[in-house]
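Biologist: I am new to this structure and would love a close look at a single part. Could you walk me through it slowly?

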Amino acid sequence: MSTITETGLLAGRNLRRFAKSPQLVADAVMFPLILLFLMLLVFGELVGAATHGGRYIDRLAPVIVLFSAAYGAVGTGVGFFTDLRGGIVDRFRSMNISRLSVLAGRIVGDLVRAVLVAAVTTAVAHLAGFRFTGGPLAVLGFFAVVALFAWIFLWLAVVVAMAASSEQAVSGALNTPVTLLLFLSSGFVPVEQFPGWLQPVVRANPLSLAGDALVGLSGGGPVLLPVLFTGAWAVAATVILVPLAVRLYK
């Protein structure tokens, strides 16, 4: 079999395992939705006034969609660690299949999962007033950016899983940066509301950049530069993390 076929088969295996676990499905979908409505209730009017009457849901929904992708990578790391310690990866190593396909199968399967969860989150956000105004191509671009963003954290999760000593270590090593990126992004409050010394960090945050791209694609606004910067983060992650993951897997 070719590497592409092997990757597809292994990706399908991961998706089936996810779909057959109600707990995993509920955890992946419900937490971002709870956070969406909680933040909308707590900060909706306050941040809307700070943005001169702008609708908070238009900025909040994209950042929650991105958070669901990054949060899902924690499950990727824990799941891959379990496979490593459970012996299934050793069986893959003993088979005549490409080493890269084992890693790529995990990434591709969970990438599809991330986009599906993002679609559910976006659909529920529609009930709170979130809208697409740019047409079908903008919608496709919206979910392409989500996939690009998820790509970064999925490879990070795989690397962490191979370097960690326990499931708790994997979860802790991934939860901390994901949480920091969320609260140091421009999704909850505008960049101008952060202290001056922190604003450059917030602007360079990949969650802020990808969030700006999603805001532009869904409701109008700058798109090119945020997408380019998000792509630069994805390229950097690919150049650094993919070779590292392959080396650790060997």
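Let us take helix H3. How far apart are the end C-alpha atoms of H3, and what should its 31 residues span at 1.5 Å a residue? Please go on from there to whatever H3 takes part in.

Modeller: Happy to! Please keep in mind that this is a predicted model. Helix H3 covers residues 56-86. At 1.5 Å a residue, the 31 residues of H3 should span 45 Å, and the end C-alpha atoms are indeed 45 Å apart, so the expected span and the model agree. The expected span is 1.5 Å times one less than the number of residues.

Next, how does H3 sit with respect to the surface? It is mostly covered, with 24 of its 31 residues buried. What follows the helix is Gly87, whose phi is positive, near 100°.

Now let us pick out one contact that H3 makes. The structure holds nine aromatic pairs, and one of them joins Phe31 and Tyr71. Their ring centres are 4.9 Å apart and their planes meet at 45°. That angle falls between the 30 degrees under which planes count as stacked and the 60 degrees over which they count as edge-to-face, so the pair is tilted. Tyr71 belongs to H3, whereas Phe31 belongs to helix H2 (residues 22-50), so the pair ties together parts that are 40 residues apart in sequence. The two partners are covered to differing degrees: Tyr71 is buried, with a relative accessible area of 18%, because buried means under 20%. Phe31 is partly exposed, with a relative accessible area of 34%.

If you follow H2 along to Leu41, you come to a residue that counts as exposed, at 75% relative accessibility. The C-alpha atom of Leu41 is separated by 34 Å from that of Glu167, which is 126 residues away along the chain.

Back at H3, we can turn to the empty spaces it borders. The largest pocket has a volume of about 460 Å³. Its lining is made of 17 residues, and Phe18, Leu24, Gly75, Gly79 and Arg113 are the ones nearest its centre. H3 gives the largest share of this lining, seven residues. H1, H2, H3 and H5 each supply at least two residues. By class, the lining of the largest pocket holds six nonpolar, six polar and five charged residues. Two of the residues nearest the centre of this pocket, Phe18 and Arg113, also meet each other: Arg113 lies over the face of Phe18, at 5.4 Å from the ring centre.

H3 also takes part in a closed space. There are four cavities of 30 Å³ or more in the structure, and the largest cavity has a volume of about 60 Å³. Leu10, Arg13, Asn14, Phe80, Asp83, Val89, Phe92, Val102 and Arg106 line the largest cavity. The elements giving two or more residues to that lining are helix H1 (3-19), H3, helix H4 (88-94) and helix H5 (99-127). Here the largest share, three residues, comes from H1. The lining of the largest cavity divides into five nonpolar residues, one polar and three charged.

For contrast, let us look at another opening. The second largest pocket holds about 290 Å³ of space. It is lined by 17 residues, and Arg59, Ser186, Val191, Ser208 and Asp212 lie nearest its centre. Helix H9 (206-219) and helix H10 (224-249) are the elements that give two or more residues to this lining. The largest share, five residues, comes from H9. Its residues are eight nonpolar, five polar and four charged.

Two further places are good to know while you have the model open. Phe130, Phe132, Phe142 and Phe143 form one aromatic cluster. Ala144 is in helix H6 (residues 136-163) and is partly exposed, with a relative accessible area of 43%. Between the C-alpha atoms of Ala144 and Ala114 there are 11 Å in space, while the two residues are 30 apart in sequence.

To gather up the picture of H3: this helix is mostly covered, its Tyr71 pairs with Phe31 of H2, and it gives the largest share of the lining of the largest pocket.

Definitions and conventions: Residues are numbered from 1 along each chain as its sequence is written. This is a predicted model: local features need pLDDT of at least 70, side-chain atom pairs count only at pLDDT 80 or more; totals for chains, interfaces and linings use all residues. Side-chain values use heavy atoms; hydrogens and water are left out. Rings of Phe, Tyr and Trp (its six-membered ring) pair if their centres lie within 6.5 Å; planes under 30 degrees apart count as stacked, over 60 as edge-to-face and the rest as tilted. Helices (H or I, at least four residues) and strands (E, at least two) are DSSP runs, numbered from the N terminus. Buried means under 20% relative accessible area, exposed over 50%, partly exposed in between (1.4 Å probe, protein chains only). A charge sits over a ring if NZ of Lys or CZ of Arg is within 6 Å of the ring centre and within 35 degrees of the ring normal. On a 1 Å grid over the protein atoms alone, a cavity is a set of points where a 1.4 Å probe fits but cannot get out, and a pocket is an open set with protein on both sides within 12 Å along at least five of seven lines; lining residues have an atom within 4 Å of a point. Grid points are joined across faces, edges and corners, and a volume is the space filled by probe spheres set on the points. Ala, Val, Leu, Ile, Met, Phe, Trp, Tyr, Cys and Pro count as nonpolar, Asp, Glu, Lys and Arg as charged, and the others, Gly among them, as polar.
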